[in-house]
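Reader: I'd like to zoom in on one small part of this model and see how it fits with the rest. Could you take me through it in one go?

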Amino acid sequence: MVLLSQGREDAVRLTLGTGGARSQRGQEPVGTSRSWKRHGPASPLEPLEGTQLCQHVALIPVRPVSDACLQSPRSRQQSLNPPELVVTGSSGHRKRTQRVFRKDYVAGGSCPSKATILGKTVIVTGANTGIGKQTALELAKRGGNIILACRDMEKCEAAARDIRRETLNHHVSAWHLDLASLKSIREFAAKITEEKERVHILINNAAVMRCPHWTTEDGFEMQFGVNHLGHFLLTNLLLDTLKASAPSRIVNLSSLAHVAGHMDFDDLNWEERTYDTKAAYCQSKLAVVLFTKELSRRLQGTGVTVNALHPGVARTELGRHTGMHSSAFSSFTLGPIFWLLVKSPQLAAQPSTYLAVAEELEGVSGKYFDGFKEKPPAPEAEDEEVAQRLWAESARLVGLELSGGSSPQ
Ligand SMILES: NC(=O)c1ccc[n+]([C@@H]2O[C@H](COP(=O)([O-])OP(=O)(O)OC[C@H]3O[C@@H](n4cnc5c(N)ncnc54)[C@H](OP(=O)(O)O)[C@@H]3O)[C@@H](O)[C@H]2O)c1
(Lines give C-alpha, C1' and ligand atoms only; values in the text may rest on other atoms or scores of the structure.)
Protein backbone atom coordinates (compact mmCIF):
# COMPACT_ATOMS: atom_id res chain seq x y z
CA MET A 1 0.00 0.00 0.00
CA VAL A 2 1.22 3.44 -0.82
CA LEU A 3 -0.09 6.57 0.75
CA LEU A 4 0.48 9.78 -1.11
CA SER A 5 0.04 12.90 0.92
CA GLN A 6 0.45 16.14 -0.94
CA GLY A 7 -0.40 19.80 -0.75
CA ARG A 8 -2.16 19.91 -4.09
CA GLU A 9 -5.43 18.56 -5.30
CA ASP A 10 -4.36 17.35 -8.72
CA ALA A 11 -4.47 13.66 -9.33
CA VAL A 12 -1.30 11.65 -8.83
CA ARG A 13 -0.93 7.95 -9.39
CA LEU A 14 1.91 5.90 -8.04
CA THR A 15 2.13 2.22 -8.73
CA LEU A 16 4.34 -0.21 -6.90
CA GLY A 17 2.31 -3.29 -7.71
CA THR A 18 3.11 -6.06 -10.08
CA GLY A 19 -0.40 -7.09 -10.85
CA GLY A 20 -1.17 -5.11 -13.98
CA ALA A 21 -3.34 -2.50 -12.27
CA ARG A 22 -5.20 -0.16 -14.58
CA SER A 23 -5.49 3.59 -14.60
CA GLN A 24 -8.56 5.43 -13.36
CA ARG A 25 -10.04 5.46 -16.83
CA GLY A 26 -9.18 1.80 -17.21
CA GLN A 27 -7.14 2.39 -20.35
CA GLU A 28 -3.46 2.57 -19.61
CA PRO A 29 -1.92 -0.49 -18.00
CA VAL A 30 0.19 0.74 -15.10
CA GLY A 31 1.51 -2.77 -14.87
CA THR A 32 4.67 -4.33 -13.78
CA SER A 33 7.16 -1.50 -13.56
CA ARG A 34 7.28 1.05 -10.80
CA SER A 35 5.89 4.07 -12.43
CA TRP A 36 4.03 7.22 -11.68
CA LYS A 37 2.10 9.62 -13.76
CA ARG A 38 0.56 12.90 -12.85
CA HIS A 39 -2.08 15.11 -14.40
CA GLY A 40 -2.39 18.86 -14.49
CA PRO A 41 -5.17 20.75 -12.78
CA ALA A 42 -8.66 19.68 -13.62
CA SER A 43 -10.24 21.30 -16.62
CA PRO A 44 -13.33 23.31 -15.77
CA LEU A 45 -14.88 21.43 -18.66
CA GLU A 46 -13.65 17.98 -17.75
CA PRO A 47 -13.04 17.67 -14.02
CA LEU A 48 -10.71 14.94 -12.84
CA GLU A 49 -11.97 12.50 -10.32
CA GLY A 50 -10.77 13.42 -6.86
CA THR A 51 -9.69 10.14 -5.37
CA GLN A 52 -8.60 6.90 -6.88
CA LEU A 53 -8.05 3.55 -5.27
CA CYS A 54 -6.60 0.72 -7.30
CA GLN A 55 -4.40 -2.25 -6.61
CA HIS A 56 -1.60 -1.26 -4.19
CA VAL A 57 -2.40 2.40 -4.68
CA ALA A 58 -4.28 4.86 -2.53
CA LEU A 59 -4.49 8.37 -3.85
CA ILE A 60 -5.39 11.00 -1.31
CA PRO A 61 -5.75 14.63 -2.33
CA VAL A 62 -5.28 16.43 0.92
CA ARG A 63 -5.80 20.15 0.56
CA PRO A 64 -7.16 22.36 -2.22
CA VAL A 65 -4.34 24.45 -3.68
CA SER A 66 -6.33 27.62 -3.59
CA ASP A 67 -5.52 27.48 0.12
CA ALA A 68 -2.03 28.53 -0.89
CA CYS A 69 -3.31 32.09 -1.24
CA LEU A 70 -4.49 32.09 2.36
CA GLN A 71 -1.41 30.56 3.92
CA SER A 72 1.48 32.34 5.59
CA PRO A 73 4.51 32.82 3.31
CA ARG A 74 6.29 30.05 5.22
CA SER A 75 3.56 27.47 4.92
CA ARG A 76 2.96 28.50 1.32
CA GLN A 77 6.63 27.87 0.69
CA GLN A 78 6.26 24.45 2.29
CA SER A 79 3.36 23.69 -0.01
CA LEU A 80 5.63 24.34 -2.97
CA ASN A 81 8.19 21.90 -1.64
CA PRO A 82 8.17 18.21 -2.44
CA PRO A 83 5.27 16.49 -0.72
CA GLU A 84 5.85 13.79 1.83
CA LEU A 85 5.62 10.25 0.57
CA VAL A 86 4.76 7.53 3.05
CA VAL A 87 5.37 4.00 1.91
CA THR A 88 4.20 1.05 3.97
CA GLY A 89 4.91 -2.60 3.37
CA SER A 90 7.48 -1.85 0.68
CA SER A 91 10.59 -0.64 2.46
CA GLY A 92 12.97 -2.18 -0.08
CA HIS A 93 11.58 0.12 -2.75
CA ARG A 94 11.12 3.14 -0.60
CA LYS A 95 14.29 5.06 -1.44
CA ARG A 96 14.02 4.56 -5.17
CA THR A 97 10.38 5.56 -5.23
CA GLN A 98 11.05 8.67 -3.18
CA ARG A 99 13.81 9.65 -5.56
CA VAL A 100 11.61 9.30 -8.64
CA PHE A 101 8.79 11.19 -7.02
CA ARG A 102 11.05 13.92 -5.68
CA LYS A 103 12.65 14.38 -9.09
CA ASP A 104 9.30 15.57 -10.33
CA TYR A 105 8.92 17.99 -7.44
CA VAL A 106 12.50 19.17 -7.57
CA ALA A 107 11.59 19.95 -11.16
CA GLY A 108 8.87 22.22 -9.86
CA GLY A 109 5.54 20.46 -9.51
CA SER A 110 2.16 21.69 -10.67
CA CYS A 111 0.94 25.26 -10.66
CA PRO A 112 -0.10 25.93 -7.06
CA SER A 113 -3.04 28.08 -8.13
CA LYS A 114 -6.38 26.71 -9.24
CA ALA A 115 -7.67 30.05 -10.51
CA THR A 116 -9.81 29.86 -13.62
CA ILE A 117 -9.87 32.46 -16.40
CA LEU A 118 -13.26 31.82 -17.96
CA GLY A 119 -13.77 33.98 -21.04
CA LYS A 120 -10.45 35.85 -20.70
CA THR A 121 -8.45 36.42 -23.85
CA VAL A 122 -4.91 35.05 -23.80
CA ILE A 123 -2.16 35.32 -26.43
CA VAL A 124 0.73 32.83 -26.28
CA THR A 125 3.59 33.34 -28.74
CA GLY A 126 5.46 30.29 -30.04
CA ALA A 127 2.62 28.03 -28.95
CA ASN A 128 2.88 25.29 -31.55
CA THR A 129 5.34 23.23 -29.49
CA GLY A 130 7.25 22.95 -26.19
CA ILE A 131 6.46 25.13 -23.21
CA GLY A 132 4.26 27.49 -25.24
CA LYS A 133 1.93 24.73 -26.41
CA GLN A 134 1.64 23.30 -22.90
CA THR A 135 1.02 26.76 -21.41
CA ALA A 136 -1.74 27.33 -23.96
CA LEU A 137 -3.20 23.95 -23.02
CA GLU A 138 -3.08 24.69 -19.28
CA LEU A 139 -4.80 28.04 -19.83
CA ALA A 140 -7.38 26.48 -22.15
CA LYS A 141 -8.19 23.99 -19.37
CA ARG A 142 -8.90 26.96 -17.15
CA GLY A 143 -11.47 28.33 -19.58
CA GLY A 144 -9.52 31.05 -21.44
CA ASN A 145 -10.04 32.11 -25.05
CA ILE A 146 -6.61 31.21 -26.36
CA ILE A 147 -4.83 32.67 -29.37
CA LEU A 148 -1.81 30.65 -30.46
CA ALA A 149 0.55 33.10 -32.21
CA CYS A 150 2.98 31.18 -34.41
CA ARG A 151 4.99 31.56 -37.59
CA ASP A 152 4.18 28.15 -39.09
CA MET A 153 0.43 27.96 -39.63
CA GLU A 154 0.37 24.24 -40.31
CA LYS A 155 1.98 23.49 -36.93
CA CYS A 156 -0.13 26.19 -35.30
CA GLU A 157 -3.43 24.75 -36.59
CA ALA A 158 -2.34 21.27 -35.52
CA ALA A 159 -1.50 22.49 -32.00
CA ALA A 160 -4.84 24.33 -31.76
CA ARG A 161 -6.65 21.13 -32.81
CA ASP A 162 -4.73 19.08 -30.19
CA ILE A 163 -5.59 21.56 -27.46
CA ARG A 164 -9.26 21.76 -28.41
CA ARG A 165 -9.47 17.98 -28.45
CA GLU A 166 -7.72 17.54 -25.13
CA THR A 167 -9.46 20.31 -23.21
CA LEU A 168 -12.84 20.37 -24.98
CA ASN A 169 -12.42 24.15 -24.99
CA HIS A 170 -13.29 25.29 -28.49
CA HIS A 171 -12.11 28.85 -27.98
CA VAL A 172 -8.58 28.04 -29.12
CA SER A 173 -7.48 29.58 -32.40
CA ALA A 174 -4.36 29.75 -34.57
CA TRP A 175 -3.04 33.14 -35.71
CA HIS A 176 -0.01 33.99 -37.79
CA LEU A 177 2.86 35.84 -36.11
CA ASP A 178 6.50 35.83 -37.22
CA LEU A 179 8.57 37.59 -34.59
CA ALA A 180 11.46 37.80 -37.04
CA SER A 181 9.47 40.27 -39.13
CA LEU A 182 8.38 43.73 -37.91
CA LYS A 183 5.78 43.76 -40.69
CA SER A 184 4.26 40.49 -39.44
CA ILE A 185 4.22 41.79 -35.85
CA ARG A 186 2.44 44.98 -36.90
CA GLU A 187 -0.11 43.01 -38.96
CA PHE A 188 -0.78 40.66 -36.05
CA ALA A 189 -1.19 43.52 -33.57
CA ALA A 190 -3.47 45.44 -35.95
CA LYS A 191 -5.69 42.38 -36.38
CA ILE A 192 -5.88 41.85 -32.63
CA THR A 193 -6.76 45.50 -32.06
CA GLU A 194 -9.44 45.30 -34.74
CA GLU A 195 -11.00 42.01 -33.69
CA LYS A 196 -10.48 41.82 -29.93
CA GLU A 197 -11.72 44.41 -27.50
CA ARG A 198 -9.81 42.81 -24.68
CA VAL A 199 -6.51 40.99 -24.14
CA HIS A 200 -6.10 39.95 -20.51
CA ILE A 201 -2.95 37.85 -20.68
CA LEU A 202 0.01 38.11 -23.05
CA ILE A 203 2.62 35.37 -22.77
CA ASN A 204 5.80 36.28 -24.63
CA ASN A 205 7.09 32.73 -24.88
CA ALA A 206 8.62 32.20 -28.34
CA ALA A 207 12.39 32.03 -28.71
CA VAL A 208 15.21 30.78 -30.78
CA MET A 209 18.38 29.51 -29.12
CA ARG A 210 21.94 29.26 -30.42
CA CYS A 211 21.03 29.36 -34.10
CA PRO A 212 23.72 30.14 -36.69
CA HIS A 213 24.50 33.78 -37.36
CA TRP A 214 21.15 34.50 -38.98
CA THR A 215 19.39 37.83 -39.23
CA THR A 216 15.71 38.69 -39.15
CA GLU A 217 13.82 40.16 -42.09
CA ASP A 218 14.81 43.61 -40.81
CA GLY A 219 18.49 42.78 -40.35
CA PHE A 220 18.63 42.17 -36.59
CA GLU A 221 20.69 39.32 -35.17
CA MET A 222 18.10 36.52 -34.93
CA GLN A 223 18.18 35.76 -31.16
CA PHE A 224 18.11 39.43 -30.12
CA GLY A 225 15.59 40.15 -32.88
CA VAL A 226 13.08 37.40 -32.03
CA ASN A 227 13.56 36.91 -28.29
CA HIS A 228 13.70 40.58 -27.36
CA LEU A 229 12.94 43.07 -30.16
CA GLY A 230 10.00 41.12 -31.60
CA HIS A 231 8.30 40.83 -28.21
CA PHE A 232 9.23 44.43 -27.36
CA LEU A 233 7.35 45.72 -30.41
CA LEU A 234 4.44 43.30 -30.04
CA THR A 235 3.90 44.22 -26.39
CA ASN A 236 4.05 47.94 -27.06
CA LEU A 237 1.54 47.65 -29.89
CA LEU A 238 -0.87 45.75 -27.63
CA LEU A 239 -0.53 48.01 -24.59
CA ASP A 240 -3.68 50.06 -25.18
CA THR A 241 -5.75 46.88 -25.39
CA LEU A 242 -4.03 45.41 -22.33
CA LYS A 243 -4.68 48.60 -20.38
CA ALA A 244 -8.33 48.62 -21.43
CA SER A 245 -8.54 45.02 -20.14
CA ALA A 246 -6.95 45.72 -16.74
CA PRO A 247 -6.29 43.95 -14.51
CA SER A 248 -4.18 42.26 -17.14
CA ARG A 249 -0.83 40.52 -17.18
CA ILE A 250 2.23 40.15 -19.35
CA VAL A 251 4.52 37.16 -18.78
CA ASN A 252 7.97 37.27 -20.38
CA LEU A 253 9.89 34.02 -20.75
CA SER A 254 13.52 34.70 -19.92
CA SER A 255 16.02 32.11 -18.75
CA LEU A 256 18.57 31.52 -16.04
CA ALA A 257 21.02 31.97 -18.93
CA HIS A 258 20.46 35.74 -18.56
CA VAL A 259 23.01 35.73 -15.71
CA ALA A 260 25.76 35.07 -18.23
CA GLY A 261 24.48 37.84 -20.51
CA HIS A 262 25.82 41.33 -21.05
CA MET A 263 24.30 44.19 -23.05
CA ASP A 264 26.92 45.42 -25.50
CA PHE A 265 25.31 48.65 -26.68
CA ASP A 266 28.12 49.23 -29.17
CA ASP A 267 27.20 46.06 -31.00
CA LEU A 268 23.75 44.78 -29.99
CA ASN A 269 23.37 43.06 -33.34
CA TRP A 270 26.71 41.28 -33.44
CA GLU A 271 27.96 43.13 -36.51
CA GLU A 272 31.43 43.92 -35.13
CA ARG A 273 32.19 40.98 -32.84
CA THR A 274 32.85 37.37 -33.77
CA TYR A 275 29.45 35.73 -33.42
CA ASP A 276 29.04 33.65 -30.28
CA THR A 277 25.76 31.74 -30.33
CA LYS A 278 25.71 31.23 -26.54
CA ALA A 279 26.56 34.81 -25.64
CA ALA A 280 23.94 36.05 -28.11
CA TYR A 281 21.26 33.89 -26.45
CA CYS A 282 22.32 35.06 -22.97
CA GLN A 283 22.26 38.71 -24.11
CA SER A 284 18.76 38.27 -25.56
CA LYS A 285 17.46 36.73 -22.33
CA LEU A 286 19.07 39.49 -20.23
CA ALA A 287 17.31 41.98 -22.51
CA VAL A 288 14.01 40.25 -21.69
CA VAL A 289 14.52 40.85 -17.93
CA LEU A 290 15.63 44.47 -18.47
CA PHE A 291 12.58 45.06 -20.70
CA THR A 292 10.35 43.58 -17.98
CA LYS A 293 11.80 45.92 -15.34
CA GLU A 294 11.48 49.06 -17.43
CA LEU A 295 8.01 48.20 -18.74
CA SER A 296 6.81 47.54 -15.21
CA ARG A 297 8.11 50.95 -14.11
CA ARG A 298 6.29 52.61 -17.01
CA LEU A 299 3.07 50.68 -16.35
CA GLN A 300 2.71 51.67 -12.69
CA GLY A 301 -0.88 52.54 -11.88
CA THR A 302 -2.33 51.13 -15.09
CA GLY A 303 -3.46 47.76 -13.72
CA VAL A 304 -1.19 45.94 -16.19
CA THR A 305 1.56 43.88 -14.59
CA VAL A 306 4.61 42.33 -16.19
CA ASN A 307 6.98 39.70 -14.82
CA ALA A 308 9.83 37.62 -16.22
CA LEU A 309 10.59 34.00 -15.49
CA HIS A 310 12.95 31.08 -15.90
CA PRO A 311 10.74 28.04 -16.51
CA GLY A 312 13.43 25.49 -15.60
CA VAL A 313 15.29 23.25 -18.00
CA ALA A 314 12.90 21.29 -20.18
CA ARG A 315 12.87 18.68 -22.94
CA THR A 316 11.70 20.80 -25.85
CA GLU A 317 12.85 21.71 -29.35
CA LEU A 318 14.80 24.70 -28.02
CA GLY A 319 18.09 22.88 -28.48
CA ARG A 320 17.41 22.14 -32.15
CA HIS A 321 20.44 24.23 -33.24
CA THR A 322 22.83 22.79 -30.66
CA GLY A 323 25.28 19.95 -31.15
CA MET A 324 23.38 17.50 -29.02
CA HIS A 325 20.33 17.58 -31.24
CA SER A 326 22.27 17.37 -34.47
CA SER A 327 24.62 14.58 -33.37
CA ALA A 328 23.16 11.09 -33.27
CA PHE A 329 26.03 10.00 -31.00
CA SER A 330 25.46 12.64 -28.33
CA SER A 331 21.69 12.22 -28.56
CA PHE A 332 22.21 8.53 -27.93
CA THR A 333 24.74 8.88 -25.09
CA LEU A 334 23.62 12.10 -23.38
CA GLY A 335 19.95 11.84 -24.27
CA PRO A 336 19.00 9.45 -21.44
CA ILE A 337 20.93 11.51 -18.85
CA PHE A 338 19.29 14.66 -20.15
CA TRP A 339 15.90 12.95 -19.96
CA LEU A 340 16.44 12.12 -16.29
CA LEU A 341 17.53 15.60 -15.31
CA VAL A 342 15.09 17.86 -17.07
CA LYS A 343 11.40 18.69 -16.91
CA SER A 344 8.68 17.66 -19.29
CA PRO A 345 7.22 20.60 -21.28
CA GLN A 346 4.03 20.07 -19.26
CA LEU A 347 5.88 20.74 -15.98
CA ALA A 348 7.89 23.58 -17.48
CA ALA A 349 4.63 25.29 -18.46
CA GLN A 350 3.48 25.46 -14.82
CA PRO A 351 5.43 28.62 -13.85
CA SER A 352 4.07 30.55 -16.87
CA THR A 353 0.59 29.38 -15.94
CA TYR A 354 1.16 30.46 -12.34
CA LEU A 355 2.32 33.96 -13.30
CA ALA A 356 -0.64 34.27 -15.66
CA VAL A 357 -3.42 33.27 -13.27
CA ALA A 358 -2.44 33.16 -9.59
CA GLU A 359 -4.63 35.41 -7.46
CA GLU A 360 -1.82 35.97 -4.98
CA LEU A 361 0.22 37.62 -7.74
CA GLU A 362 -2.40 40.29 -8.43
CA GLY A 363 -0.51 43.59 -8.55
CA VAL A 364 2.93 41.93 -8.46
CA SER A 365 5.04 43.45 -11.22
CA GLY A 366 8.62 43.91 -12.40
CA LYS A 367 9.82 40.71 -10.74
CA TYR A 368 11.92 37.79 -11.90
CA PHE A 369 10.74 34.29 -11.01
CA ASP A 370 12.74 31.09 -11.05
CA GLY A 371 9.91 28.57 -11.35
CA PHE A 372 7.32 29.62 -8.79
CA LYS A 373 9.75 31.55 -6.62
CA GLU A 374 10.58 35.20 -6.96
CA LYS A 375 14.35 35.69 -7.02
CA PRO A 376 16.72 38.55 -7.66
CA PRO A 377 17.96 38.45 -11.26
CA ALA A 378 21.57 39.12 -12.26
CA PRO A 379 22.93 42.51 -11.10
CA GLU A 380 23.00 43.88 -14.66
CA ALA A 381 19.29 43.08 -14.98
CA GLU A 382 18.60 45.35 -11.97
CA ASP A 383 20.46 48.32 -13.47
CA GLU A 384 17.83 50.98 -14.25
CA GLU A 385 20.16 52.96 -16.45
CA VAL A 386 20.86 49.93 -18.61
CA ALA A 387 17.13 49.16 -18.77
CA GLN A 388 16.28 52.69 -19.89
CA ARG A 389 19.06 52.68 -22.45
CA LEU A 390 17.88 49.35 -23.83
CA TRP A 391 14.32 50.69 -24.04
CA ALA A 392 15.41 53.74 -26.01
CA GLU A 393 17.60 51.68 -28.31
CA SER A 394 14.92 49.02 -28.89
CA ALA A 395 12.30 51.68 -29.66
CA ARG A 396 14.67 53.24 -32.19
CA LEU A 397 15.49 49.90 -33.82
CA VAL A 398 11.86 48.81 -34.26
CA GLY A 399 10.74 52.33 -35.17
CA LEU A 400 8.37 52.60 -32.24
CA GLU A 401 8.53 56.36 -31.74
CA LEU A 402 7.83 56.86 -35.47
CA SER A 403 5.00 54.35 -35.58
CA GLY A 404 2.29 55.94 -33.51
CA GLY A 405 2.10 52.59 -31.67
CA SER A 406 0.76 52.82 -28.15
CA SER A 407 3.10 54.32 -25.62
CA PRO A 408 3.40 52.95 -22.12
CA GLN A 409 2.13 56.07 -20.40
N1 LIG B 1 13.44 24.52 -22.71
C2 LIG B 1 14.20 25.02 -21.75
O3 LIG B 1 14.98 24.30 -21.11
C4 LIG B 1 14.15 26.49 -21.43
C5 LIG B 1 14.97 26.98 -20.39
C6 LIG B 1 14.93 28.33 -20.10
C7 LIG B 1 14.09 29.17 -20.79
N8 LIG B 1 13.31 28.66 -21.80
C9 LIG B 1 12.45 29.60 -22.54
O10 LIG B 1 11.14 29.07 -22.65
C11 LIG B 1 10.53 29.54 -23.85
C12 LIG B 1 9.92 28.39 -24.63
O13 LIG B 1 10.98 27.57 -25.09
P14 LIG B 1 10.80 26.03 -25.47
O15 LIG B 1 11.79 25.31 -24.66
O16 LIG B 1 9.39 25.63 -25.45
O17 LIG B 1 11.36 26.06 -26.98
P18 LIG B 1 10.82 25.41 -28.34
O19 LIG B 1 10.24 24.07 -28.09
O20 LIG B 1 11.95 25.54 -29.30
O21 LIG B 1 9.66 26.41 -28.77
C22 LIG B 1 9.95 27.70 -29.21
C23 LIG B 1 8.76 28.29 -29.90
O24 LIG B 1 9.12 29.58 -30.40
C25 LIG B 1 8.72 29.66 -31.76
N26 LIG B 1 9.47 30.62 -32.55
C27 LIG B 1 10.78 30.62 -32.85
N28 LIG B 1 11.06 31.63 -33.69
C29 LIG B 1 9.89 32.28 -33.92
C30 LIG B 1 9.50 33.39 -34.71
N31 LIG B 1 10.38 34.04 -35.49
N32 LIG B 1 8.22 33.79 -34.70
C33 LIG B 1 7.29 33.14 -33.96
N34 LIG B 1 7.59 32.07 -33.21
C35 LIG B 1 8.88 31.64 -33.19
C36 LIG B 1 8.91 28.24 -32.29
O37 LIG B 1 8.22 28.08 -33.51
P38 LIG B 1 8.73 26.98 -34.60
O39 LIG B 1 8.38 25.65 -34.05
O40 LIG B 1 7.98 27.35 -35.84
O41 LIG B 1 10.21 27.19 -34.72
C42 LIG B 1 8.33 27.46 -31.13
O43 LIG B 1 6.93 27.46 -31.21
C44 LIG B 1 11.63 30.28 -24.61
O45 LIG B 1 11.49 31.66 -24.39
C46 LIG B 1 12.91 29.78 -23.98
O47 LIG B 1 13.97 30.71 -24.07
C48 LIG B 1 13.32 27.34 -22.13
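Asn-205 lies in the loop between which strand and which helix?

Author: Some housekeeping before we dive in. This is a predicted model, where local features need pLDDT of at least 70 and side-chain atom pairs count only at pLDDT 80 or more, while totals for chains, interfaces and linings use all residues. Residues are numbered from 1 along each chain as its sequence is written.

Now, your spot: Asn-205 sits in the loop that runs between strand S10 (201-204) and helix H6 (222-244). Helices (H or I, at least four residues) and strands (E, at least two) are DSSP runs, numbered from the N terminus. Loop or not, Asn-205 counts as buried because 25 other C-beta atoms lie within 10 Å; the cut-offs are 20 or more for buried, 12 or fewer for exposed, and partly exposed in between, with C-beta atoms placed from the backbone. Across the protein chain, 44% of the 409 residues are buried.

Who's around it? Skipping neighbours within four places in sequence, Asn-205 touches Val-124, Thr-125, Gly-126, Ala-127, Ile-131, Gly-132, Thr-135, Leu-253 and Ser-352 (contact means backbone-placed C-beta atoms within 7 Å). Ser-254 is 49 residues away in sequence, yet 8.4 Å away in space, C-alpha to C-alpha. On the chain scale, 77% of the contacts between residues at least 6 apart in sequence join residues at least 24 apart.

The ligand comes into this too. Gly-126 from that contact list is also one of the residues closest to the ligand, along with Gly-130, Ala-206, Ala-207 and Thr-316. In total, 29 residues surround it, each with its C-beta atom, placed from the backbone, within 6 Å. H3 gives the most to this shell, with 3 residues. By class, the shell has 14 nonpolar, 10 polar and 5 charged residues; Ala, Val, Leu, Ile, Met, Phe, Trp, Tyr, Cys and Pro count as nonpolar, Asp, Glu, Lys and Arg as charged, and the others, Gly among them, as polar.

Let's follow H3 (residues 130-141) a bit further. H3 packs on helix H4 (residues 153-167) at about 35°, axes 10 Å apart; axes are lines fitted to C-alpha atoms over the stretch in contact, and angles run from 0 to 180 degrees between N-to-C directions. On the H3 side you've got Lys-133, Ala-136, Leu-137, Ala-140 and Lys-141, facing Ala-159, Ile-163, Glu-166 and Thr-167 of H4. That makes 5 nonpolar, 1 polar and 3 charged residues.

Technical notes:
Contact = placed C-beta atoms within 7 Å.
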